[in-house]
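Please work through the following exercises with the sequence and the model at hand. Each task is followed by a solution in steps.

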Amino acid sequence: MPKLKKRPTTALLDGDILAYRAAFWAETNDFSFLPSQIKRMIKKWTPKEVSNIEIALSCPREENFRRDLWPGYKESRDVMYTPEYLEDAKEYLQDTYKCKRHPRIEADDLMGVYASSNRMIAVTIDKDLRGVAGWHFNPDKEDSPVYVNKDDAYRFFCKQWLTGDSVDGIPGLWKIGPKKADRLLDEWNFEDWEQNIIEMYASDKHKVRDDRGIPHPDIAIVMARCVKIFDSSNYNLKTKTIIHWEPKGGS
């Protein structure tokens, strides 16, 4: 059994979700209590034995690098209702706490980079972060942080690559749901997962639901890069440079 890495004493919290939840709360309560509500939420979201917290925030959605790869990425969210006090909540977070916000990437990616390098615990209710190895904490479901090992994280990523993510507008493979994806991964040799998925994307049998004109040899890589939450191999924090995911052995 793999040895667990020592748990970090710093946590990186998902500021996007915190801001949304606080903003929605303020719409049906007293706006003047927005700061105190955010503080209560952050207290709940802070794991025990953590001595320091920071907040991760996403770049503007239209500037996200995934939009360059797949124009439909989170397209449906552009027309979704935005709570009135969302910007107030984000402004309070940035004025009150140490926040991380980098160009062209999401809060999820920042949490993934820091969690995978064992520098921080990633705190969010978003299940997608479990595609990154490291310490994680879901304050809605867990009492304390849990460690996700590399094998489990890799399986989660490959499963997402097969199924896509309808909420984020990532189509994945036609008629491949979570159960079928699990069955395929169980049947295949671990070493063949990536090549098998690439071949399925190139197959007429499993055509992409909406390829938006992207040529088939590239569509598998595009889908992988859209679902892949960054780890430390995908981003240089010093230069703020994206290092695109590539399949094992190259594309």
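The exercises below treat the sheet, the helices and the nonpolar cores.

This is a predicted model, in which local features need pLDDT of at least 70 and side-chain atom pairs count only at pLDDT 80 or more, while totals for chains, interfaces and linings use all residues. Residues are numbered from 1 along each chain as its sequence is written, and side-chain values use heavy atoms, without hydrogens and water.

**Exercise 1.** Determine the strand order of the open sheet and name its edge strands.

*Solution.* Strands are DSSP runs of E with at least two residues, and helices are runs of H or I with at least four. Two strands pair if DSSP finds at least two bridges between them. The six strands follow the order β3-β2-β1-β4-β5-β6, with mixed pairing. The edges are β3 (99–100) and β6 (146–148), each of which pairs on one side only. Between β5 (residues 134–137) and β6, which run antiparallel, there are three bridges; G134 stands opposite V148 in β6.

**Exercise 2.** Identify the strands that helix α5 touches.

*Solution.* Contact means heavy atoms within 4.5 Å. Helix α5 (residues 107–116) packs on the sheet and touches β1, β2, β3, β4 (121–123) and β5.

**Exercise 3.** Find the element that gives the most residues to the largest nonpolar core.

*Solution.* Such a core joins buried (under 20% relative accessible area, 1.4 Å probe, protein chains only) Ala, Val, Leu, Ile, Met, Phe, Trp, Tyr and Cys residues through side-chain atoms within 4.5 Å. The largest has 27 residues. Elements giving two or more are α6 (150–163), α7 (178–187), α8 (193–202) and α9 (216–227). Of these, α9 gives the most, with eight residues.

Key. Buried < 20%, exposed > 50% of the residue type's maximum accessible area, 1.4 Å probe, protein only. Axes fitted to C-alpha atoms, helices over the stretch in contact; angles between N-to-C directions.
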